[in-house]
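Open the model in your viewer and keep the selection box handy. This tour goes from stop to stop, telling you what to pick and what you will find there.

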Amino acid sequence: MSLLIPDAGLLFWMVISFSLVFLILAKYGFPVIVNIVEERRASIQKSLDDARTANDLLANFKAESDSIISSAREEHKKILHEADLIKETIINSAIKEAKELTSRQIEEARKEMEKERNASLLKIRSQIAMLSVDVAEKIVRAELNNTPAQMDLINRFLEESSEIRS
Amino acid sequence: MKRKIKILVSLLFLMVYGRSTILAEEIDVKQIVFSHLRDSYGWHIATWGDTHVTVPLPVIVFSKTTGLNIFLSSELENGKTYKYFRISREERHLDKVVEINSAGNEVRPIDLSLTKNALALLLNSIILILIILHVAKWYKKKPVDAPRGFTGAMEIFIMDINDNIIKSCIGKDYLKYSPYLLTAFFFIFTNNIMGIIPLFPGGANTTGNIAVTMGLALCTFLAVNIFGTKEYWKEILWPDVPLWMKVPLPLLPVIEIFALFTKPFALMIRLFANIMAGHAIILGLTSLIFVTVAMGPAVNSGMTLLSVILSVFMIFVEILVAYIQAYVFTMLSAVFIGLSRVEKHKQEVY
């Protein structure tokens with residue numbers, strides 16, 4: 001039974017040694033370790049969280065840039081399409097305009113030519129008239145005595161001049 | 001491999017034959033086991049033939065008549081008397097230092113001797129302090145690095161106790177108690193492990209001594225009751241039960257106050273009994289070798305082999321127990337502290 005009876009002397013030494021251990025370790029031992037490990041844990045957790053948010057941000061950026069690229073591509077296609085359309089209409093309208101222009105010019109040229117011809121006809125006619133007057137004068141002066149021959153001549157000239165006129 | 005086994009077996013036989021001639025006398029197993037379990041004034045290391053190798057330790061006694069006396073335990077060896085002091089052989093103060101007064105009666109003085117267990121406690125404390133301070137120094141030097149090797153192992157150990165026992169059992173203000181509980185855990189664990197090591201600085205049955213566990217239980221008792229909340233004391237002295245259980249006979253308060261003391265008492269007995277029993281079993285198994293000498297070489301060598309195998313097994317079990325008992329003591333202390341931190345219950349409305 002002596003094992004079950006606590007010895008005062010040993011209890012005294014026990015209290016001394018345990019207090020010694022407690023005082024030293026509670027001040028310089030365990031709190032230091034626990035605090036630093038807790039701090040490290042917190043910093044690791046924070047780094048992980050930061051990395052996660054950065055990842056999310058990056059993913060967002062990527063999605064955004066993807067959408068921007070795809071929309072730009074869409075735009076590009078649309079613009080190209082529009083340009084195609086415009087090109088076609090421009091060409092068409094140019095062709096049309098060119099056609100109109102040429103036909104108008106041809107028309108004008110024709111009108112001009114008509115005018116020129118008429119003018120030249122008039123000129124020729126007046127010239128012919130003058131010539132015939134001259135001829136008539138000469139004939140009159142030279143052949144006034146030969147009346148029948150005179151008349152034939154005049155007729156012949158007149159016929160000729162009318163031929164020329166037509 | 002086969003040759004090695006052969007050599008080992010023949011060596012075993014040789015030892016047994018050699019011993020059987022030396023140890024002819026009757027062996028008192030009970031005495032051997034008890035003398036190892038008990039505290040002693042000197043630290044007996046080994047017996048070589050007839051010479052005892054014992055480290056003498058200071059005996060410090062205060063007596064009413066002669067005052068303070070300090071002398072080495074070797075002065076009292078083999079029944080010698082120093083001044084009026086000797087080691088008692090009587091049943092009342094068996095194996096304790098007593099003073100013989102003028103009437104010739106044995107009187108127990110106030111005995112603060114640095115006994116084997118006391119010295120072992122101090123040595124183990126120094127070992128523990130050195131280990132923990134070494135680890136703490138590493139952290140002060142490199143606060144952001146992850147430790148490796150021994151420091152890393154200690155970190156896992158310390159943080160496991162801190163997180164899984166202390167934090168989960170006490171709750172929000174665990175930080176106030178964690179230094180005490182960590183100290184208690186590692187103090188018990190170091191002493192348990194050192195108790196298993198059979199060589200000199202170890203081998204003392206410190207945590208298997210009731211005075212040591214009493215000291216620890218006392219600390220937990222103080223930690224629980226000094227910092228107990230108002231609600232905790234109210235639950236003990238005026239619990240929330242029908243009035244007739246409190247007045248006129250304070251039935252429940254009495255039970256609660258009784259429970260106040262049974263909790264640390266259970267802590268004390270549990271640690272003491274577990275470690276003491278483990279030591280007793282190992283000692284008993286070892287004694288098996290010497291007891292069976294008388295039964296002849298064949299039985300003796302067989303039992304020796306069995307004893308060694310069982311002792312190895314028991315030592316492994318004891319390593320486990322060393323951890324488990326430290327764990328249980330710390331956990332229960334944490335639970336008791338957690339119970340003493342109760343907050344006022346929220347009034348439930350139906």
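Start by selecting B:Tyr323, which is partly exposed with a relative accessible area of 26% (buried means under 20%, exposed over 50% and partly exposed in between, using a 1.4 Å probe and protein chains only). Before moving on, note that this is a predicted model, where local features need pLDDT of at least 70, side-chain atom pairs count only at pLDDT 80 or more, and totals for chains, interfaces and linings use all residues. Residues are numbered from 1 along each chain as its sequence is written, chains are lettered from A and ligands numbered from 1 in the order in which they are written, and side-chain values use heavy atoms, leaving out hydrogens and water.

**Rings around B:Tyr323**

Now add B:Phe185, whose ring pairs edge-to-face with B:Tyr323 at 5.9 Å centre to centre and 80° between the planes. Rings of Phe, Tyr and Trp (its six-membered ring) pair if their centres lie within 6.5 Å; planes under 30 degrees apart count as stacked, over 60 as edge-to-face and the rest as tilted. B:Phe185 belongs to helix 5 (residues 178-196) of chain B and B:Tyr323 to helix 9 of chain B, so this pair ties together parts that are 138 residues apart in sequence. Helices (H or I, at least four residues) are DSSP runs numbered from the N terminus, as are strands (E, at least two). B:Phe185 itself is buried, at 0% relative accessible area.

Widen the selection to A:Phe30, B:Phe157, B:Phe186, B:Phe189 and B:Tyr327: ring pairs link these with B:Phe185 and B:Tyr323 into a cluster. Within it, B:Phe157 is buried at 18% relative accessibility.

**A charge over a ring**

Next, pick B:Lys30 and B:Phe34. The charged end of the lysine sits over the ring, 5.8 Å from its centre (NZ of Lys or CZ of Arg must be within 6 Å of the ring centre and within 35 degrees of the ring normal).

**A serine in chain A**

Which residues does A:Ser17 touch? Not counting residues up to four places away in sequence, they are B:Leu121, B:Leu122, B:Ser125 and B:Phe187, where contact means heavy atoms within 4.5 Å. A:Ser17 is found in helix 1 (residues 8-142) of chain A and is buried, with a relative accessible area of 0%.

**Last stop: two helices**

Finally, show helix 7 (residues 230-237) of chain B with B:Pro253, B:Glu256, B:Ile257 and B:Leu260 of helix 8; the helix 7 residues meeting them include B:Tyr232 and B:Trp233.
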